[in-house]
Amino acid sequence: MGCGGNRVRFNFGKVLSKVSVFFTMVLIFTYFFYCLTGFCDSAPRTLYSQAAADGDYDNQVQLDLRPPPPLRSGAQLQNRTASPDAPQVVDTNSIPVSNTYGTKRLPNAIIIGVKKGGTRALLEFLRIHPDVRAFGAEPHFFDRFYDRGLEWYRNLMPRTLDGQITMEKTPSYFVTKEAPSRVCTMNCQTKLIVVVRDPVTRVVSDYTQTLTKNPGLPSFQSLALKNSSAGPIDTTWSAVRIGLYAKHLENWLRYFPLSHFLFVSGERLVSDPAGEMGRVQDFLGLKRVISDKHFYFNQTKGFPCLKKPEGSSRPRCLGKSKGRPHPQIPAEVLQRLRDFYRPFNQRFYQMCGQNFGWD
Ligand SMILES: Nc1ncnc2c1ncn2[C@@H]1O[C@H](COP(=O)(O)OS(=O)(=O)O)[C@@H](OP(=O)(O)O)[C@H]1O
């Protein structure tokens, strides 16, 4: 009896140890599988809030702002990619952030501006192309977070397979003095897209956004005109300065030839999205996949929307912060702005060889 009882206890212990070995093995295999599918190196990454689901990305998406670990300097990385044989697409394959689902690469094309031009619409439209992968938020690497290094920037990017293009959009790059040299330090072959919009409607759009965040803002005319509405245009107001496209382009042309730029009409992106997307796809060397059949005009929103956005089978418009009604601005103030911008617009048309018809 006593012997039999001992045997039962002994067997139970053996079973227990086998079970614990089994579960340990399951845990180890799960971990390896998890790593193989690319999740191990995914933290820290950008944190998406509910905003992504709303399609209202810009103001709500938060970046993971934890400082990165010390890594190679931008210059060292540049040396890796600047060999004469280097393809136009920055190849960082030698840096081991690769797995079966692709590799994180530095962007080959960036939407650098302009603020309130229609940059979000352009990026979301481009994302339906199977050969485009884009970072959803605005990384602000070349203006705010440059000291975090290229490795931090690259780690934000989505994984791409060979032949796919990596993109991001940060509209403030266009007006950032240091941005052109910094982008060129990363890769002088980077393709640059600028969505431009009539600078008068752009400045009103910019004001509308600030007013939404800060309802106590002074009137538009008191900000746009010096000496409380009587004086000349106040060019110290950043919202006015952003619309001096010729000035900002001059700064970029010191580092990049004109052939590296595509100027997208913000107006045509609304009136003829498929036509404008055709130009963008050609510029990026992509097969023309995005066409009329991807868009429908939403009467309630008053803008084109996507029938099937990336990662969704349901139609979707951009969020509430895109396509907001603008406040009524006195006609004489708008006329003053129109007159002010005219010579800069003319200069811009000459520089880029395109007439956007804002006058
Ligand atoms: N399809 C579609 N849907 C909604 N909105 C559209 C679309 N295409 C262009 N736009 C115009 O985009 C303007 C916002 O520009 P951005 O996305 O560049 O703004 S931001 O700088 O990122 O804040 C936004 O400006 P507002 O109308 O002033 O809100 C829109 O006019």
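Helices and strands in these legends are DSSP runs, a helix (H or I) having at least four residues and a strand (E) at least two, and they're numbered from the N terminus. Everything shown comes from a predicted model.

**Figure 1. The whole protein, before we zoom in, with its 14 helices and ten strands.** The chain has 359 residues, and 47% of them count as buried. Take the contacts with a sequence separation of 6 or more: 69% of them join residues 24 or more positions apart. As for the outside, the accessible surface comes to about 18,500 Å², and carbon and sulfur atoms account for 57% of that.

**Figure 2. The ligand and the 26 residues around it.** Thr119, Lys169, Ser205, Gly323 and His326 are the ones that come nearest. If you sort the shell by residue type, you get eight nonpolar, eight polar and ten charged residues. Three elements supply at least two shell residues each: helix 5 (119-126), helix 8 (199-213) and strand 10 (303-306). Helix 5 gives the most, with four residues.

**Figure 3. Polar contacts between ligand oxygen atoms and Lys116, Gly117 and Thr119.** At Lys116, a polar backbone atom sits 2.8 Å from an oxygen atom of the ligand. Gly117 also uses a polar backbone atom, with a ligand oxygen 3.3 Å away. Thr119 brings in its side chain instead: an N or O atom there is 2.5 Å from an oxygen atom of the ligand. How much of the ligand does the protein bury? The ligand exposes 640 Å² when taken alone, and the protein buries 96% of that.

**Figure 4. Lys116, which carries an "active site" feature in UniProt.** That label comes from an unreviewed UniProt entry, so treat it with some care, as annotations may be inferred rather than shown by experiment. You'll find Lys116 in the loop between strand 3 (109-113) and helix 5. Is Lys116 buried or exposed? Its relative accessible area is 13%, and because buried means under 20%, Lys116 counts as buried. Leaving out residues up to four places away in sequence, Lys116 touches Arg197, Arg202, Ser205, Asp206, Gln209, Ser321, Lys322 and Arg324. One of these contacts, Ser205, is also among the residues that come nearest to the ligand.

**Figure 5. Helix 13 (residues 273-283), largely enclosed by the rest of the structure.** Why call it enclosed? Because eight of its eleven residues are buried. Those are Pro273, Ala274, Glu276, Met277, Gly278, Val280, Gln281 and Phe283. What do the buried residues pack against? Their partners are helix 5, helix 12 (266-271), strand 7 (191-196), strand 8 (261-265), strand 9 (295-298) and strand 10. Two of those partners, helix 5 and strand 10, also supply residues to the shell around the ligand. Just after helix 13, Gly285 takes a positive phi of about 70°.

**Figure 6. Lys104, a buried lysine in strand 2 (residues 102-104).** With a relative accessible area of 1%, Lys104 counts as buried, because the cut-off is under 20%. Where does its side chain reach? The side chain of Lys104 gets to the backbone oxygen of Met157, at 3.4 Å. Thr160 is worth picking out here too: Lys104 and Thr160 are 56 residues apart in sequence, but 6.3 Å apart in space, C-alpha to C-alpha.

Note on methods:
Residues numbered from 1 in each chain as written. Predicted model: local features only at pLDDT ≥ 70, side-chain atom pairs only at ≥ 80, totals over all residues. Heavy atoms only, no water. Near = heavy atom within 4 Å. Polar contact = N/O pair within 3.5 Å; in protein donor to acceptor, adjacent residues only side chain to side chain. Areas by Shrake-Rupley, 256 points an atom, 1.4 Å probe, with all protein chains shown as cover. Nonpolar A, V, L, I, M, F, W, Y, C, P; charged D, E, K, R; others polar. Buried < 20%, exposed > 50% of the residue type's maximum accessible area, 1.4 Å probe, protein only. Contact = heavy atoms within 4.5 Å.
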